[in-house]
Amino acid sequence: TPRHATPSIPNRLLPTRQPANVLEEARIRLHVSAVPESLPCREQEFQDIYSFVESKILDGTGGSGTSVIFFFFFILLNDCTRSLQKLTGQKATADHAAALLEKRFSNPAPRKETTVLLVDELDLLWTRKQNVMYNLFDWPSRRHARLVVLAIANTMDLPERIMINRVASRLGLTRMSFQPYTFKQLQQIITSRLNKVKAFEEDALQLVSRKVAALSGDARRCLDICRRATEICEHSAADPSAAGLVAMSHVMEALNEMFSSAYITAIKCASLQEQLFLRAVIAEFRRLGLEEATFQQVLVQHQALCRVEGLQPIGVSESLAVCQRLGACRLLLLEPSRLGVLQRVRLNVSQDDVLYALKAD
Amino acid sequence: MAGLLEHSGYDEERLKRAAEQLPCREVQAGMLLSLMGEPHQYCYPSIFIYGHRASGKSHVINVLMKELELPHATLSCVECVSVALLFEQVLRSFFGCDVASLLPRSPSLTDFVRIYRQQSPARQTRYIVMEKAELLRDADANLLPALLRLQELVEDNVTVILLSEIVWDTFRPNTGCFEPLLLHFPDYSKVELQQILSQDRHPSYSAELYSFYVSILLGVFYSVCRDLRELRHLAALNFSKFCEPLAEGKVKETDTHKLWKNIEPHLKKAMQTVYLREVSSLQWEQMQQMEEETGALKGLSAHTHVELPFYSKFLLIAAYLASYNPARTDKRFFLKHHGKIKKTNFLKKNEKTTNHLLGPKPFPLDRLLAIFYSVVDGRVAPTASIFSQISSLVTLQLLAQVSHDDQLDSPKYKCAVSLEFICNISRTVNFDIMKYLYDFL
């Protein structure tokens, strides 16, 4: 392979199919990766960031004439080596790259482009000495750096929680929080995505956005549910070409699929002895008044329950196998199996859930 | 009994030869054969065989593999200290050294599977036999689940056979795995042991005589030992003594009672000496040849006499007293004018003689030194040599340091010697330790 080859994947032999009906069209538009040109409901945030970056860039290059073309690089930072490669195309070891970057940002140079550095998932850059984070926020504060750093993290109070003082102080005060979408905004996002493609009933859209807004306000989740609902709609129709609109029932089904807990279904579908074992666990917890019991204590209850139910009393190995299968499904939390009958058993689901699932049949 | 093994896929002659080598294991061998199926058929992906020590697990597998000439890799998990060795052995015994050298230096499971899949597919089932499989639990967490479904991973006709003395229940990983087929090898009964042991008879004596000897041997040892290997070893060791009267011409072969009279006390003595490895087998044989009084030799455990410096002896005595006496009785034992202590509240009856059953208790360094100064007559300066003697007693494993966190600030010790040992030591320095022990008051 050539040394500076451009990475690529094999091209597909046939071109992608064009959408055949309305539902397919809607599905393509609703795909998470289909990012629109303008983001609805985030106009204010867009404006804030835009003016912030613009002011910094104009500052940095101010005085060098009116018709300056702004070169600015847009870097997604993973580590020092990668960012150096992005900036200059050099390859170096991590330490060497850090030194080179240090030199670049601290020395004055007459015609240096402003660099905008976008750091995603900031919390993953945490190390014990925090020198990566420190450098990252120290460089833009240098006089000659001409660097704008935009960092993205999931928690608002990340600087206070994990950063040591000298890092947190360099972060500055320009902090911005993105609120989760309300249901109206979610509805607006979907309608703008669909863009006059008539695939959904109004009520169905409202139901999706209200449900999602109540739980997390995650736009991706909202789009996923809508796409799943179109699929359900297509499958339920007798003739796929004339499926009609996505109705409330389809959306309800999709919501149930994505939000219902799998634990209860798993308990309902468990075998008889597994259900008996769960009942024995709860009985033993009630007797002890604790949320933890050893396997041999549960075994006594399990065998008693078998007798009450009129089944053959279960052997130790079989009961242990039942217990470990439940542990492998994460319905129970178990210690390593080499402890044998002395391993402690805890429930991974609430007792009420177990009782509800066992009673429902 | 031989000739029970029957399977359509294999040569009759070979099966017969294998059956001759597997006395009392026909059922298990037959079960294994039917699981294996014909050579080109797919076998179950993994078989887990468990049974006590010397119940013929490896023997049955080895004989079947060798006699039927099946492609197999036998490896012991004790030897495979790293997975690299394990993979290398498997590849080498299946495909030869060239393929094994393809493995990178520290291979992962993926490397192994990749290289395996590059090789030509098997025309008949390949077997990987892993002995002492309980050690696989200490290896990487993904190794055991991967081995259990190796057939699926490498897409080849391969079967993993795990041999262990431990039941499967304690193997199962917490994340679940493919369940192997469990096969139990039960213990040999007394009759079966007799049958197997009678097979290796001495050529110069009749078979009846040897089987009579084996029945005497089992009569003595069966209650304490059912391990075939151990019994076979004992049988070989003591047979010459059993034959002695015959060789000298004192008794005839038919005179069983006299033979029994001759050998039985000898075997009883063997149980106390050679079975516990007090006397090595070589020494035992020499003793028999020299016609010495057997057991006159001092065993390994009789050498409990250790030469120690004077103060070390007292330090050890003090440590023993500190370990086995409760701290509240120190005042009564070691202070000259301790005032009046009523005997009734001093001796709590229910506490008596329990300390020696419960084992030694930890004590701090100051208490050891305090008891040491009151036990030793004459003034002893707390020099560096006293403290270095304490730490060398720890190195000699006569004391044990309990708390490892701080070496300097009041370390805690335990005394790790027996009562007999400390009595011997206190006798050499004329110290009556029994008078000072709370348990023997």
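# Reasoning from cut-offs: cysteines, a sheet and its helices

Trainee: Why does B:Cys77 count as buried?

Mentor: Its relative accessibility is 7%. The cut-off for buried is under 20%. So B:Cys77 qualifies as buried. Keep in mind that this is a predicted model.

Trainee: How do you know that B:Cys77 is not bonded to B:Cys80?

Mentor: Check the sulfur atoms. B:Cys80 holds the closest cysteine sulfur, 6.1 Å from that of B:Cys77. A disulfide needs the pair within 2.5 Å. The gap is therefore too far for a bond.

Trainee: How many disulfides does the structure hold over all chains?

Mentor: Zero. A:Cys41 is one cysteine outside any disulfide. Its nearest cysteine sulfur belongs to A:Cys222 and is 11 Å away.

Trainee: What makes A:Cys41 buried rather than exposed?

Mentor: A relative accessible area of 9%. Buried means under 20%, so A:Cys41 is buried.

Trainee: What about A:Tyr263: which class does its accessibility put it in?

Mentor: The value is 34%. Buried ends at 20% and exposed begins over 50%. So A:Tyr263 counts as partly exposed.

Trainee: Where does A:Tyr263 sit, and what is it in contact with?

Mentor: It belongs to helix α12 of chain A, residues 262-269. Leaving aside neighbours within four places in sequence, A:Tyr263 is in contact with A:Cys329, A:Arg330, A:Leu331, A:Asn348 and A:Val349. Take A:Leu331: 68 residues separate it from A:Tyr263 in sequence, yet their C-alpha atoms are 7.0 Å apart.

Trainee: Why does A:Gln324 count as buried?

Mentor: Its relative accessibility is 4%. Set that against the limit of 20%, and A:Gln324 is therefore buried. Helix α15 of chain A, residues 316-328, contains A:Gln324.

Trainee: Which residues of chain B does A:Gln324 contact?

Mentor: B:Asp169 and B:Arg172. In chain A, its contacts beyond four places in sequence are A:Leu334, A:Ser337 and A:Gln343.

Trainee: Now the sheet of chain B. What is its strand order?

Mentor: β2-β3-β4-β1-β5, an open sheet of five strands with parallel pairing. From one strand to the next, the twist averages 20 degrees.

Trainee: What makes β2 and β5 of chain B edge strands?

Mentor: Each pairs on one side only. β2 covers residues 72-76, and β5 covers 181-185.

Trainee: How do you know that β2(B) and β3(B) pair?

Mentor: Count the bridges. Five join the two strands. Pairing needs at least two, so these strands pair, and they run parallel. One match is B:Leu75 with B:Met130 of β3(B).

Trainee: What joins β3(B) to β4(B)?

Mentor: Five bridges, again in the parallel sense. B:Met130 has B:Leu162 of β4(B) as its bridge partner.

Trainee: And which strands does β1(B) bridge to?

Mentor: Five bridges join β1(B) to β4(B), and five join β1(B) to β5(B). B:Tyr50 is bridged to B:Ser164 in β4(B). On the β5(B) side, B:Ile49 stands opposite B:Leu183.

Trainee: Why is β3(B) called largely enclosed?

Mentor: Because six of its six residues are buried. Side chains in a regular strand alternate between the two sheet faces. In β3(B), B:Arg126, B:Ile128 and B:Met130 are buried on one side. B:Tyr127, B:Val129 and B:Glu131 are buried on the other. Both faces are covered. β1(B) is mostly covered, with five of six residues buried.

Trainee: Which helices lie against the sheet strands?

Mentor: Helix α2(B), residues 26-36, is one of them, touching β1, β3 and β5 of chain B. Its direction makes about 160 degrees with that of β5(B). α4(B) lies across β2, β3 and β4 of chain B, at about 155 degrees to β2(B).

Trainee: How are α4(B) and α6(B) oriented to each other, and what gives that label?

Mentor: They pack at about 5 degrees, with axes 11 Å apart. Angles under 35 degrees count as roughly parallel, so α4(B) is roughly parallel to α6(B).

Trainee: Which residues make that contact?

Mentor: From α4(B), B:Phe87, B:Val90, B:Leu91, B:Phe94 and B:Phe95. From α6(B), B:Leu109, B:Phe112, B:Ile115 and B:Tyr116. Nine are nonpolar, none polar, none charged.

Terms used
Residues are numbered from 1 along each chain as its sequence is written. Chains are lettered from A and ligands numbered from 1 in the order in which they are written. This is a predicted model: local features need pLDDT of at least 70, side-chain atom pairs count only at pLDDT 80 or more; totals for chains, interfaces and linings use all residues. Side-chain values use heavy atoms; hydrogens and water are left out. Axes are lines fitted to C-alpha atoms, for helices over the stretch in contact, and angles run from 0 to 180 degrees between N-to-C directions. Helices (H or I, at least four residues) and strands (E, at least two) are DSSP runs, numbered from the N terminus. Angles under 35 degrees count as roughly parallel, over 145 as roughly antiparallel, 65 to 115 as roughly perpendicular and the rest as oblique. Contact means heavy atoms within 4.5 Å. Ala, Val, Leu, Ile, Met, Phe, Trp, Tyr, Cys and Pro count as nonpolar, Asp, Glu, Lys and Arg as charged, and the others, Gly among them, as polar. Buried means under 20% relative accessible area, exposed over 50%, partly exposed in between (1.4 Å probe, protein chains only).
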